[in-house]
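Please look over the chain shown below before reading on. The report that follows takes up one strand, then the sheet around it, the helices, the core and the loops.

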Amino acid sequence: MSANFIGGSHAFAAEGLRPMTAAALDGVVVLEASVYAFPWSRGNFIDSLAAGYTAWTLNGAFGELLGYCVAMHGVAEMHLLNITVAAPVRQRGYARQMIGELVTFCQREGARRLWLEVRESNLEAQATYARLGFAAVGKRKGYYPAPEGRREDAVVMSLGIAIDGVVDALD
Ligand SMILES: CC(C)(COP(=O)(O)OP(=O)(O)OC[C@H]1O[C@@H](n2cnc3c(N)ncnc32)[C@H](O)[C@@H]1OP(=O)(O)O)[C@@H](O)C(=O)NCCC(=O)NCCS
């Protein structure tokens, strides 16, 4: 885990993370469709829940949906598949909060590394992840769909999780 991970400059606090339920999917799917040119479908979320992926919503004081994340457990690692914060409440520390909870979950489960892919053009998300301690470690060619039938490369990013004070180096 990066030394700069814990803390951060934001005083805002959401009510908290809840396990994503089928009942939450109406709001999740609307937010997803408002954010991405190639959004996950309702079926993608249903499949993730059915597969037992770690999926949380982040809700405000009145229950309003602020964001969500979905992560898949691997052998001693986790893969962050989706993290989304509603546009009006970005840069208030909510992604930091969700990824912080994922790091705690990884530590509890013995997962030593958190992985993700991000579009090469998504510089804001890459800056966020770098700020949270992730390092860019590679690329996947043509990983994402793009307009007019084209494909876009993914940047692969990785965060080492400290367990008993030790962070495994990348092989
Ligand atoms: C990427 C995203 C999840 C970040 O969520 P967020 O709640 O705004 O992020 P946070 O407020 O927790 O920011 C975490 C850190 O990243 C920094 N950061 C956030 N947005 C940034 C930006 N656009 N540019 C530079 N740094 C940024 C913050 O300053 C913060 O650092 P600090 O706490 O040390 O000041 C959000 O912008 C989003 O949902 N984007 C659209 C969907 C998307 O691209 N998801 C990722 C797909 S791979």
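## One strand and its two faces

Along S5, which side chains point to one face and are buried, and which point to the other and are not? In this predicted model, Leu-114, Leu-116 and Val-118 are the buried set on one face, whereas Arg-113, Trp-115, Glu-117 and Arg-119 point to the other face and are not buried. In a regular strand the side chains alternate between the two faces of the sheet.

S5 covers residues 113–119, and S5 has partners within the sheet in both S4 and S7. With S4 the pairing is parallel and rests on 3 bridges, and His-79 stands opposite Trp-115 of S5. The chain passes from S4 to S5 through helix H3 (residues 94–109), in a β-α-β crossover that is right-handed. With S7 the strand S5 runs antiparallel, joined by 7 bridges, and Arg-119 has Ala-154 in S7 as its bridge partner.

## The sheet as a whole

The sheet is open and is formed by 7 strands in the order S1-S2-S3-S4-S5-S7-S6, with mixed pairing. Its edges are strand S1 (16–19) and strand S6 (135–145), each of which pairs on one side only. Neighbouring strands are turned against each other by 30° on average, direction ignored.

At the S6 edge, the pairing with strand S7 (residues 151–160) is antiparallel and extends over 7 bridges. Here Arg-140 has Ala-154 in S7 as its bridge partner, and Ala-154 is also the bridge partner of Arg-119. Strands of a sheet pair through backbone hydrogen bonds, either parallel or antiparallel.

## Helices across the sheet

Helix H1 (residues 25–35) lies across strand S2 (54–59), strand S3 (65–73) and strand S4 (78–85), and H1 runs at about 95° to S3. Helix H4 (residues 123–131) lies across S5 and S7, and its direction is at about 160° to S5.

## The nonpolar core

The largest nonpolar core holds 34 residues, of which Cys-69, Leu-80, Met-98, Leu-102 and Leu-114 touch the most other members. At least two residues of this core come from each of H1, S2, S3, S4, H3, S5 and S7, and H3 gives the most, with 7 residues.

Leu-114, one of the buried residues of S5, shows how these elements come together. Leaving aside neighbours within four places in sequence, Leu-114 is in contact with Met-78, Leu-80, Leu-102, Val-103, Cys-106, Leu-159 and Ile-161.

## Two exposed loop residues

Val-75 lies in the loop between S3 and S4, and Val-75 counts as exposed because 6 other C-beta atoms lie within 10 Å, where the cut-off for exposed is 12 or fewer. Val-75 and Arg-113 are 38 residues apart in sequence, yet 9.9 Å apart in space, C-alpha to C-alpha.

Ala-37 is found in the loop between H1 and helix H2 (42–50), and Ala-37 is likewise exposed, with 10 other C-beta atoms within 10 Å. Ala-37 and Pro-147 are separated by 110 residues in sequence and by 8.6 Å in space, C-alpha to C-alpha.

## Confidence in the model

The mean pLDDT of the chain is 91, and 92% of its residues reach 70 or more. Over residues 1–13, however, pLDDT stays under 50, and for this stretch the model has 19 contacts beyond four places in sequence. Where pLDDT is low, the predicted coordinates should not be read in detail.

Conventions
Residues numbered from 1 in each chain as written. Predicted model: local features only at pLDDT ≥ 70, side-chain atom pairs only at ≥ 80, totals over all residues. Pairing = 2+ DSSP bridges. Helix = DSSP H or I, 4+ residues; strand = E, 2+ residues; numbered from the N terminus. Axes fitted to C-alpha atoms, helices over the stretch in contact; angles between N-to-C directions. Contact = placed C-beta atoms within 7 Å. Buried ≥ 20, exposed ≤ 12 C-beta atoms within 10 Å, placed from the backbone. Right-handed = clockwise from strand over helix to strand, strands pointing away. pLDDT = per-residue confidence, 0-100. Core = buried A, V, L, I, M, F, W, Y, C linked by C-beta atoms within 7 Å.
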